[in-house]
Amino acid sequence: MGSPSQPGGVLLSRTETFSAAHRLHAPSLSDEENTKLYGKCNNPNGHGHNYKVVVTLYGVVDPITGMVINLVDLGIAMRDVLGELDHKHIDKDVEFFRSTGTVSTVENITIHIWNQLSRHAALDGHRLYEVTVHETDKNMARYRGKQFTP
């Protein structure tokens, strides 16, 4: 029978979690400036979060499978990417942040996850629409790639 015939596409999302530590510290600022800017999040020993990541793809429902993507494949891709971050100190253990000195804000973590997912083979041929990272119940960032301009 297939899928109901509908014009347009579907936004399909999956949620995964990871836990990690980080320290908000900009190498180009003095210790005093970092303390003033980031407060307790600039603790030299870092601090941790239980992050929630929501990845959304856009696509047309396949008339045979009834799916935009097999959610098992999306889950595998997400776990592969988040495995690099899970139970790590982001600034010390994640090559990108360590080698570039990029501040591990929720905004930069979100962009990093997008970049890693966009290159993942399991998502080849599927359009990554949005990555949302919840750092806390109150703080989150969304990234829709370079194609999105508010």
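The following paragraphs describe the salt bridges of this predicted model and the pairing of two of its strands.

Side chains of opposite charge can pair when their charged atoms come close. Five salt bridges are present in the structure. One of them is formed by the side chains of Arg14 and Glu16, with a nitrogen-to-oxygen distance of 2.9 Å. Arg14 has a relative accessible area of 26% and is therefore partly exposed, whereas Glu16, with a relative accessible area of 14%, falls under the 20% limit and is buried.

A further salt bridge lies in helix α4, which spans residues 95-100. Here the side chains of Arg98 and Glu95 meet at 2.3 Å, N to O. Because Arg98 and Glu95 are three residues apart in this helix, about one helical turn separates them. Arg98 has a relative accessibility of 44% and counts as partly exposed; Glu95, at 43%, is also classed as partly exposed.

The salt bridge between the side chains of Arg144 and Glu130 has an N to O distance of 2.5 Å. This pair connects distant parts of the chain, 14 residues apart: Glu130 belongs to strand β4 (residues 127-134), while Arg144 lies in the segment that follows β5 (140-143). Glu130 is buried, with a relative accessibility of 9%, and Arg144 is partly exposed, with a value of 24%. Elsewhere, Arg14, Glu16 and Arg79 are joined into one network by salt bridges that share partners.

The strands β4 and β5 deserve a description of their own. How are β4 and β5 connected along the chain? A hairpin of five residues leads from β4 to β5. The two strands pair in the antiparallel sense, and four bridges are found between them. In one of the residue pairings, His134 has Met140 in β5 as its bridge partner.

Which side chains of β5 point to the buried face? In a regular strand the side chains alternate between the two faces of the sheet. Strand β5 shows this alternation: Ala141 and Tyr143 point to one face and are buried, while Met140 and Arg142 point to the other face and are not buried. Met140, the bridge partner of His134, thus belongs to the face whose side chains in β5 are not buried.

In this part of the model, β4 and β5 are joined by the hairpin and by their antiparallel pairing, and the salt bridge of Arg144 with Glu130 links the segment after β5 to strand β4.

Key:
Residues numbered from 1 in each chain as written. Predicted model: local features only at pLDDT ≥ 70, side-chain atom pairs only at ≥ 80, totals over all residues. Heavy atoms only, no water. Salt bridge = Lys/Arg side-chain N within 4 Å of Asp/Glu carboxyl O. Buried < 20%, exposed > 50% of the residue type's maximum accessible area, 1.4 Å probe, protein only. Pairing = 2+ DSSP bridges.
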